[in-house]
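The questions below concern aromatic rings and the charges that sit over them. Please look at the sequence and the model first.

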Amino acid sequence: MLEEHAKIVQFIGAADGITGRKKLQKMIYIAKKLQYSYKEKYEFHVYGPYSEELTLRVEELCNMGFLYEERQDKGSYVQYKYQMTDAGEHFTQMAQVQEVSPALNSCINQMKNKSSRFLELVSTLLYFDNMPKEQQIEKLHVVKGKLNFSEDEIEEAFNFVMNLMNERAIQ
């Protein structure tokens, strides 16, 4: 049971911290869709795929001292930053989770360098990946119409996913 918790701590550690709850949600979801072994269940929500299970795990990990949550007041909103603690590093070693592969590490770093908005776009497209590309785009415009994603952004999202999939396949 705690193996899934340890994998979340390890993910955040591999990223050297993640700023934003939405960003963390999207990064884990994308990794899961790329067949990395994350077990959290996701449903479609206001900001795209969302896992209540992941939210609860992160809260538990903070309470146990394995993750540090820093609240950053941004005026009109609060942003959260997550860091693995020394106790969290020890926890992942004790849980004997498999080491982060080079492909997953690359995936994490590429996602970390993208905006939450872009990851919301990518994860939303992946949520509808059982549909042909044109239908995915139509669905995106229906559920995310207010975000006004451009054709260039959508194409960049598809290319981003293909690049991550190719890296995953090579390793």
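Q: Which residues do ring pairs link into a cluster?
A: This is a predicted model, in which local features need pLDDT of at least 70, side-chain atom pairs count only at pLDDT 80 or more, and totals for chains, interfaces and linings use all residues. Residues are numbered from 1 along each chain as its sequence is written, and side-chain values use heavy atoms, with hydrogens and water left out. Rings of Phe, Tyr and Trp (its six-membered ring) pair if their centres lie within 6.5 Å, planes under 30 degrees apart counting as stacked, over 60 as edge-to-face and the rest as tilted. The cluster that ring pairs link consists of Y29, Y42, F44, Y127 and F128.

Q: How many aromatic pairs does a search of the whole structure find?
A: The search covers the whole structure, and the number of aromatic pairs it finds is eight.

Q: Why is the pair of Y29 and Y127 tilted, stacked or edge-to-face?
A: The ring centres of Y29 and Y127 are 6.3 Å apart and their planes lie at 35°, so the pair is tilted. Helices (H or I, at least four residues) and strands (E, at least two) are DSSP runs, numbered from the N terminus. Because Y29 belongs to helix α2 (residues 21–33) and Y127 to helix α6 (residues 116–127), the pair ties together parts whose separation in sequence is 98 residues.

Q: Is Y29 buried or exposed?
A: Buried means under 20% relative accessible area, exposed over 50%, and partly exposed in between (1.4 Å probe, protein chains only). With a relative accessible area of 5%, Y29 is buried.
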